[in-house]
Amino acid sequence: MSGEAKRLRIGYALEPKKIKSFITPSLLTHTQNQGIDLVQIDPNKPLTQPLDAIIHKLHSPDWDQKLLHFSSQFPNTLVIDSPLAIQRLRDRVSMLDVVAQLNLSPTLTTPKQVYIENSESLLDCLSDVSEDFKFPVIAKPLVADGSAISHNMTLVFNRNGLKNLQPPVVLQDFVNHGGVIFKVYVVGKYVQCVKRSSLPDISEEEMGNLGDAMPFSQISNLHSSGYKAGVGDDVEMPPLSFVNQVASALGKALNLNLFNFDMIREASVGHCSRYYVIDINYFPGYAKMPSYESVMTDFFKDIVNQNSVTVTAKGQENNNHEVPS
Ligand SMILES: O=P(O)(O)O[C@@H]1[C@@H](OP(=O)(O)O)[C@H](OP(=O)(O)O)[C@H](O)[C@H](OP(=O)(O)O)[C@H]1OP(=O)(O)O
Ligand SMILES: Nc1ncnc2c1ncn2[C@@H]1O[C@H](COP(=O)(O)OP(=O)(O)O)[C@@H](O)[C@H]1O
Ligand SMILES: [Mg+2]
Ligand SMILES: [Mg+2]
């Protein structure tokens, strides 16, 4: 045998739109130069090829089943990440439940939210709105399954505005946060926080002039850079140590390597900052993250190398080879 290192084969199973945005020529150049071949997986064909690892984001139960079956047949292939762990992020209730387990309250919490399962619970909620709700609230579809409608939000300013909602939805307290969100990208142990434009603050006086409800969608993606020039330039980033602490704790609690989370900082709560996690996304748009090519390439090398010494954990459901420390 020559001393040449074996090339790594990483399979990817992604939607066509995601392949276009993520598997870019620059990512391919980086990976190839580092001895990694990215191999496209056709989710409609049986998985038979030997691979070192698989990365994936496909929203179908069929795919999850196929992957679980494949794992049992090929226990030496790492599956990044476990379908069961990803499942938790497809529901906007279970997605945020995990934040309470981190025990970082009161510095880190989630906005109060109520789940409206069907039109009956919507009616109940309309008749009992006095104490539980402080408007404005944001109505979010329960499911976060990658469909366009899963991003259709409604800002609700009064009781009338609840009437046209289409359950199942969650009603979440709107938190004034200075019009800027912090998006924290996690790739295994790597963490990067960026600022994005968000909804502006809403004052009590303004609320009266805004009508009953206002629909919106993917506000932080409205500008090509994801960040409206000028807005929030003077906004201080959260402390790096805090961002790393939250990212690491979330990665462990969720048992996931590839995700991002949206965090906002409440405007005016005295001297102490209070942060809210409002959204967690599996395998987000990493190509928007500066230097994503080298971050991903390093991640692929790390998982496989680390894996080569933790043979017993290979291919097991719920394993996590790159738990942020
Ligand atoms: O398409 P992109 O690059 O905007 O990425 C989307 C993410 O944007 P972000 O990286 O957070 O700015 C986006 O994040 P948000 O939910 O908008 O915060 C989602 O992760 C979206 O996936 P899905 O539609 O929920 O399955 C992501 O969409 P997919 O690329 O997975 O289709
Ligand atoms: N509780 C909240 N308070 C204030 N703004 C919010 C809140 N929840 C969401 N937003 C705003 O709405 C946007 C979309 O909500 P999010 O839960 O992130 O849905 P999506 O999955 O479509 O990104 C956020 O990026 C943020 O600008
Ligand atoms: Mg979001
Ligand atoms: Mg989301």
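**Close-up 1. D262 and D279 at the magnesium ion (ligand 3).** In this predicted model, D262 and D279 are both buried. The two residues coordinate the magnesium ion (ligand 3) through OD atoms. The distances are 2.1 to 2.2 Å. This pair joins distant parts of the chain. D262 belongs to strand β13, whereas D279 belongs to strand β14. In sequence they stand 17 residues apart.

**Close-up 2. The magnesium ion (ligand 4) and the D279 bridge.** D279 (OD) and N281 (OD1) coordinate the magnesium ion (ligand 4). Here too the range is 2.1 to 2.2 Å. N281 is buried, as is D279. D279 bridges the magnesium ion (ligand 3) and the magnesium ion (ligand 4). The two ions lie 3.7 Å apart.

**Close-up 3. Polar side-chain contacts to ligand 2.** Three side chains are shown against oxygen atoms of ligand 2: R92, D262 and D279. For R92, a polar side-chain atom sits 3.1 Å from a ligand oxygen. For D262, an N or O atom of the side chain is 3.0 Å from an oxygen of ligand 2. For D279, the distance from a polar side-chain atom to a ligand oxygen is 2.9 Å. How much of ligand 2 does the protein bury? Taken alone, ligand 2 exposes 540 Å², and the protein buries 97% of that. D262 and D279 also coordinate the magnesium ion (ligand 3).

**Close-up 4. The shell around ligand 2.** The shell holds 20 residues. Those that come nearest are K140, H151, Q172, D173 and S198. Which elements give two or more residues to this shell? They are β7 (137–141), β9 (169–173), β13 (258–265) and β14 (275–282). By class, the shell divides into eleven nonpolar, four polar and five charged residues. Strands β13 and β14 also carry D262 and D279, respectively.

**Close-up 5. T31 in helix α2.** Helix α2 spans residues 25–33 and includes T31. Is T31 buried or exposed? T31 has a relative accessible area of 0%, so it counts as buried; the cut-off for that class is under 20%. Which residues does T31 contact, leaving aside neighbours within four places in sequence? The contacts are I36, L38, T297 and F300.

Notes: Residues numbered from 1 in each chain as written. Chains lettered and ligands numbered in written order. Predicted model: local features only at pLDDT ≥ 70, side-chain atom pairs only at ≥ 80, totals over all residues. Heavy atoms only, no water. Near = heavy atom within 4 Å. Polar contact = N/O pair within 3.5 Å; in protein donor to acceptor, adjacent residues only side chain to side chain. Areas by Shrake-Rupley, 256 points an atom, 1.4 Å probe, with all protein chains shown as cover. Helix = DSSP H or I, 4+ residues; strand = E, 2+ residues; numbered from the N terminus. Nonpolar A, V, L, I, M, F, W, Y, C, P; charged D, E, K, R; others polar. Buried < 20%, exposed > 50% of the residue type's maximum accessible area, 1.4 Å probe, protein only. Contact = heavy atoms within 4.5 Å. Donors = N, O, S within 2.8 Å, 3.2 Å for Na, K, Ca; no water.
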